[in-house]
Each structure stands twice: as C-alpha cells, then as structure tokens.
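This report covers confidence, sheet architecture, salt bridges and backbone outliers, in that order.

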Amino acid sequence: MKKNKAMRLASCLLVLTLLTACMISGTFAKYVSGDTTSDTAKVAKWGVTAQASGSLFGKAYNSNTAVTDGDEIAATSTNVSGTDNVVAPGTKNTKGLILSISGTPEVANTVAAAVPKDKTNSDIFLKEGTYGVMAEANGVTAANVTDYYVESSGTYTKATNGSFNADTTYYKLVDEAAVVNDYYPINWKVTPKTGNAVENIKKGTELLTSIKTVFGSTSNNAGVALDNSCTITWEWPIGTDAANNDAADTILGHLMNTNSKVVKQDAGAVTYQAVADADYSTKLAFNVELSVTQID
C-alpha cells in the first residue's frame, strides 16, 4: 500500500513538473517581424572649368618694323616703362585674352560674367574740348608779345600790346588739339567661339556687355554640357582721322609727363586752365570674373 501511494505521489510530482516546464518554456516564445534595405550615394560630379588664359598687355612694345606675329606688345622687346604694362598709339594685341568654360556638371547651374567686387575697370579717354600745352617761351619781345600767354592764379591769358616785361615768364601754346567728341583711343574686339565678332568697342563697360552676350547669364539643367569661349583683343590705331586723333594722342602722351603743362580752353573764352582730372584718363584696366555656380 505504502508503495502504491509512493508511486502515485511520484507520478503526480512528475506531471506537475512537466506542466511547470511547459509553462516556463512558453514564456520564452515571441513574435518577430522584420525587413532589410540599403542605399548608397556619391557626390554629384561638378567637373566645370572656368578659365582665363593669355594676356592683354605687356611691359613694352615693338616698333612696326619688328612685328612678325601681328602683336606689337611683346615682353621680349625693350622695356620702356619700368614694371608697368604699357599701351601707345600704333600698338595692338591680336592674341589677346581667352575666356572659356567647359564641363558637364550633374547639377543645375548658372553662368555669369561680371566685374569682381573688389575691382574697377577704367578707360583711356580725353573729353570733348580744346587742349594744348603751355611751353615756356624764349625770344619774346615787345613786338611779338601778343603771340604768347601769361599765367595768373592758374589761368593763362594772351598778353596784350604794351604789356611786355622782361621779368615776366611767357608761354607759347603748342600741340593744340580740338577734340570734337569724347575720345576713346582703344578699339576692343570680342570674338566668340561661334558667331560674329563684335568690333570697335570703345569702353570697358561696352566690352563687358559683349562678354555677357557671349556667355549670357543663363540657367542650365543638370547634365547639360558647357562649352563656350571668346577672345578679347585690342588695337590703338593710327593714321585714321589724323587731324583729330593724332593731336588727341599727343595730349594723352603729354598728360603722362608730369613736367608738361597741359591746359584746356575755358568755354566761351580764349583763356586756358590746367586740365582737370575729370577731363581725361591715362590708365587702362580691365577686370572680369567668369563664374559657373550651382543653383540652390
């Protein structure tokens, strides 16, 4: 009897143990749902080149007889102006400055040409008017004194009869130039890669306008190839309208000489004053920034 009771008890314990094991094992089961994905990327290709090559000016110029390649500005000729670049009547540059853009970017972009923010362009010019140079005169007498000028407080006036004084400094007006219209001696030329060249451009502002016409200020879609260029050249011609241009050129040359007394005739009077800064410029500067920019 005791044995049977013991066996029944053992069986019950076994069943309880199995039930407990099943219950415990059930607590470790869980639902699992899932998915996987992946992606990669690279930096979009830019690969655009905006380039300026060549040059516009040189530190010296050749004589006409020495020219063999069509350019009268050459670094190998005698330096006539120290470290400064120079231009002069009869000089030119037919090789010029080449602006170009190329490449096929993978992003949308804009192309533009402008003057850099920290730069300014300037032209050589002589404003409309009558000019000359007052040179100290010798051999002035009472008989010819009216051919000469006297200076007082910066104004040069013709001497009058009976005014001769041996101690007075007299001046002779030389190299007179009647400039009918504002004179810009440099003739610029912009030659695009395709299409017709724009010639006889007189001002730096007009030059920039022509360059903008070549490159535009346009928007381009991603993947569109960029391929455009233009060549900028110039010439200071001589032998045309010599009665006006040669005389004006001479005045510009005198203005580069600080010892020359360059004067301009007063409007409505036969008197002369020292030429004002606003009447001329002897400095030539051209700056341009060609840019290709990604559109935001």
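The model is predicted, with an average pLDDT of 85 over the protein and 81% of the residues scoring at least 70. Confidence is lowest in helix H1 (residues 2-26), with a mean of 50, and highest in strand S13 (residues 262-265), at 98. Over residues 12-19 the pLDDT is below 50, and this stretch makes 0 contacts in the model beyond near neighbours in sequence.

**Sheet and helix H2**

An open sheet is formed by 5 strands in the order S1-S2-S12-S9-S10, with antiparallel pairing. The edges are occupied by strand S1 (49-54) and S10; each has a single partner strand, so one side of each is left without a neighbour in the sheet. From one strand to the next, the twist averages 15°.

Within this sheet, strand S9 (residues 187-192) and strand S12 (residues 226-235) run antiparallel and are joined by 6 bridges. Threonine 191 has threonine 231 in S12 as its bridge partner. Helix H2 (residues 204-215) lies across strand S2 (92-103), S9, S10 and S12, and runs at about 160° to S12.

**Salt bridges**

The whole structure contains 4 salt bridges. Among them are these pairs:

| Lysine | Aspartate | N to O distance |
|---|---|---|
| Lysine 127 | Aspartate 182 | 3.4 Å |
| Lysine 193 | Aspartate 227 | 2.8 Å |
| Lysine 264 | Aspartate 279 | 3.1 Å |

Lysine 127 sits in the loop between strand S4 (125-126) and strand S5 (129-136), and its partner aspartate 182 in the loop between S8 and S9, 55 residues apart. Lysine 127 is partly exposed at 27% relative accessibility, and aspartate 182 is partly exposed at 37%.

Lysine 193, in the loop between S9 and S10, is 34 residues apart from aspartate 227 in strand S12. Here lysine 193 is partly exposed at 47% relative accessibility, while aspartate 227 is exposed at 54%.

Aspartate 279 and lysine 264 are both buried. Aspartate 279 lies in the loop between strand S14 (271-274) and strand S15 (280-281) and lysine 264 in strand S13, so their salt bridge ties together parts that are 15 residues apart in sequence.

**Positive phi angles**

Most residues other than glycine have a negative phi. Aspartate 175, in strand S8 (residues 171-179), has a positive phi near 50°. This aspartate 175 is partly exposed, with a relative accessible area of 37%. Asparagine 200 also has a positive phi, of about 55°, and belongs to strand S10 (residues 198-201). At 54% relative accessibility, asparagine 200 is exposed.

How values were computed:
Residues numbered from 1 in each chain as written. Predicted model: local features only at pLDDT ≥ 70, side-chain atom pairs only at ≥ 80, totals over all residues. Heavy atoms only, no water. pLDDT = per-residue confidence, 0-100. Helix = DSSP H or I, 4+ residues; strand = E, 2+ residues; numbered from the N terminus. Contact = heavy atoms within 4.5 Å. Buried < 20%, exposed > 50% of the residue type's maximum accessible area, 1.4 Å probe, protein only. Pairing = 2+ DSSP bridges. Axes fitted to C-alpha atoms, helices over the stretch in contact; angles between N-to-C directions. Salt bridge = Lys/Arg side-chain N within 4 Å of Asp/Glu carboxyl O.
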